Each structure stands twice: as C-alpha cells, then as structure tokens.
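Colleague: Could you take me slowly through one part of this model, and then show me how that part sits within the whole chain? I would like to follow each step as someone new to structures.

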Amino acid sequence: AYLLAFGAVQLPLGLALDRYGARRVEATLLLIAAAGCALFAVGSSLTQLAVARALIGLGVSACLMASFKAFGQWFGIERQASLNAAIMAAGGLGALTASTPLSWAIPQFGWRGVFIALAVAGLAVAAGIFGTPEKTVGASQTPFRQQVAGLFGVLGSRAFWRYAPQSTLIIGGFMALQGLWAVPWLMNFSGLTRDAAAHHLLLMAGGMLTGFLGIAFGVTPLAARGLGPETLLKWGMGLGLLASFLIVIGVGPSELLWLSLGLVFSVGNLAYALLQSNYGPELAGRVNTALNLMVFLGAFLIQWGFGASVDALRAAGYATANAYQITFAGLLALQAAGWLWFLASGRIRQK
C-alpha cells in the first residue's frame, strides 16, 4: 500500500510542484503523512492499517522531489548535484535512525507510541516548511494543458531516455537488493548467518551515506579539476557493475564489495541534477518526478522479478545457490546494457 501510493502519485506530483511550488505542496502532503501515522497508531484492522500506510506513502512522496524542486528555484545549476547529495545524506541519516535507535524506542514506548511521535514530528516539520519563503518561476500562471504538454515533452525527449534506462536498472536494482534481496542472497549464496548479512546491510548503508556526503562537499572542487558530475556518474556506475560482477562470481572481500554498492547508489543520484540541466527551472518538478517514477518502477519490477526467477529456476531443478547466482547475473546483464546505452547515447549527442 505504501509503495503503490508513493509511486502512483509521482507524475501528478511533478505537475503540482511546478504549478504550486515546493513549499505548499510539501507542507500539505506532510499533513497527510502525519494523519496516516496517527491512523496507523490507533488502527485495529488490516484495512485501517493498509489505508494508513497508503496515506503515509502519499504524504512522504514529495520529500525528496520537493527538495530538488526548491533547489532548482533558488540555486544555480552548478550547485544542484551537491545540494541533491546533501538532502540524500539527510535521508541516509534518517535510515540509520530507523535501525538501532528505533529498536531501542519500541520496547520503551511500543510501536503505537512511536507512530504517534512520528505524527507529531510530521506536523512540526509541515509547519516549519510552510513558514519558509517561496520562489516561483512563472509555472503557476501556465495553463494546465501546457503543463501536461510539458510533462509529455520531458517523457518524449532524448535527454530523458539517455538517463532513464541506467537509473531504472542500476539504481532501481540497488533499491531492490537493499530493500529485499541482499539478505537472502548473502544467506543462500554466500552462506552467511542472518547477523552477518545484517552487518553487510549496515556497511552498505554506511557507504551510501559516505558517498552522499562526499558528493555534497566534493563535487564542486572535483568539477574545478575537470572531473565533472557526468564523469563521476560514468565511472561510478562502471565500478558498481564491476563490484556486482565480483559478488556474482563470489570473488573478493564480501564486505568491501557490498560497501561499494552503497557508494554507487549515491553516485547514481547525480543523474537527477544532470538530467535537470537539460531543461528550464520551471520544469524541475516534472523532470525529477518522471525520473523518480522510472527508478521506482525499476525497483518494484526487479524486486518482484528476482523472486520469480529464483522460484522458477528452483522448480526447474537448480540448486538454491545456483538459482540466486543465475538471477543476479541476469540482472547484472540488464544493468550493463543500461550503462552502455548511457555511454553510447552520450557520444552520439556530442557528435
């Protein structure tokens, strides 16, 4: 319910951000998220809990995209990559907070108490955001039909389809692994215990946070030395594919390889700023949410397809470890194709 609500609203969200601005849209949606947390805290049936989770998914659907939109309005294009990485680092800190600190809080206050606290926090953040200034770029005066046409223009542009396959397969694939399949892979293929697999996930999250912070503070100095965001994206994705290949064949230090995947995820998010640089700031909401929708679809389909492939191979008589290895190798082949398309389309564009 959470994921479906989050994904379904991405394209309408882009229109709303460009029409009404990040401040009003984000503050309003966080009120919905707070209501969802409160409903979840008092829910007593599956239907109530599912509706509550859908409200939370809808309510937090703009947290990242509204930030990207605001950055696009207030700051120059040369600062987008570092600012985007900074907000992603904040999300990484939130993800770490949801691990050990949350495991401490639940026995003390109960899961219902935790959700009440989240509802109060959502109200407080919504109030804080609503009190911030807004900067419009004229999109609010644009007729709605023209805004929709602008969205379809983004979806049909060459620039969008240069970045979309790579982001869908590599970043979406990373999200599918991090969210579901990393632990089963580490236990069934690598033979690790659950605690050891969880330690690998912690390293991956640490690598992700380190990468975001590195980009936030280092992308501008590196660009001054000729190592721009697009070069970082090319090499980062390539190194990530190499790390995945070593994981698939079971060669190399496991902890270091999974740490590197977290770093790759952070580098992959440079695609948002790079893609946005091809369009005017009035289109920032629609550009970012369109790419985010592709990443979300990739994560959803890969997460489902990975399990379907493992089940089918096991039913065909393959050992569990081999079924996981073949499936991961197939995903890697798709990701490599997306990366090669990104490289080739860049050369064509330069010519």
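Modeller: What follows looks at one pocket and then at the chain around it. Please keep in mind that this is a predicted model, and that the part I have chosen is the second largest pocket, which holds about 240 Å³ of space. Its lining is made up of 14 residues, and those closest to the centre of the pocket are Gly 236, Leu 239, Ser 260, Leu 263 and Val 264. If you trace the lining back to the secondary structure, you will find that helix 10 (194–224), helix 11 (229–249) and helix 12 (254–268) each contribute at least two residues to it. In chemical character, the residues of this lining divide into 9 nonpolar and 5 polar, with no charged residue among them.

Turning to the protein chain as a whole, its secondary structure consists of 15 helices and 0 strands. Its radius of gyration is 21 Å, close to the 20 Å that the globule rule gives for 351 residues, so the chain is as compact as a globular protein of that length. Along the principal axes, the C-alpha atoms fill a box of roughly 60 × 60 × 40 Å. Of the 351 residues, 45% count as buried, where buried means under 20% relative accessible area. When we consider the contacts with a separation of 6 or more, 80% of them are accounted for by residues 24 or more positions apart. Finally, the accessible surface of the protein chain comes to about 16600 Å², and 70% of that surface belongs to carbon and sulfur atoms.

Key: Residues are numbered from 1 along each chain as its sequence is written. This is a predicted model: local features need pLDDT of at least 70, side-chain atom pairs count only at pLDDT 80 or more; totals for chains, interfaces and linings use all residues. Side-chain values use heavy atoms; hydrogens and water are left out. On a 1 Å grid over the protein atoms alone, a cavity is a set of points where a 1.4 Å probe fits but cannot get out, and a pocket is an open set with protein on both sides within 12 Å along at least five of seven lines; lining residues have an atom within 4 Å of a point. Grid points are joined across faces, edges and corners, and a volume is the space filled by probe spheres set on the points. Helices (H or I, at least four residues) and strands (E, at least two) are DSSP runs, numbered from the N terminus. Ala, Val, Leu, Ile, Met, Phe, Trp, Tyr, Cys and Pro count as nonpolar, Asp, Glu, Lys and Arg as charged, and the others, Gly among them, as polar. The radius of gyration is taken over C-alpha atoms; the globule rule is 2.2 Å times the number of residues to the power 0.38. Buried means under 20% relative accessible area, exposed over 50%, partly exposed in between (1.4 Å probe, protein chains only). Contact means heavy atoms within 4.5 Å. Accessible areas come from the Shrake-Rupley method with a 1.4 Å probe; for residues, only the protein chains shown count as cover.
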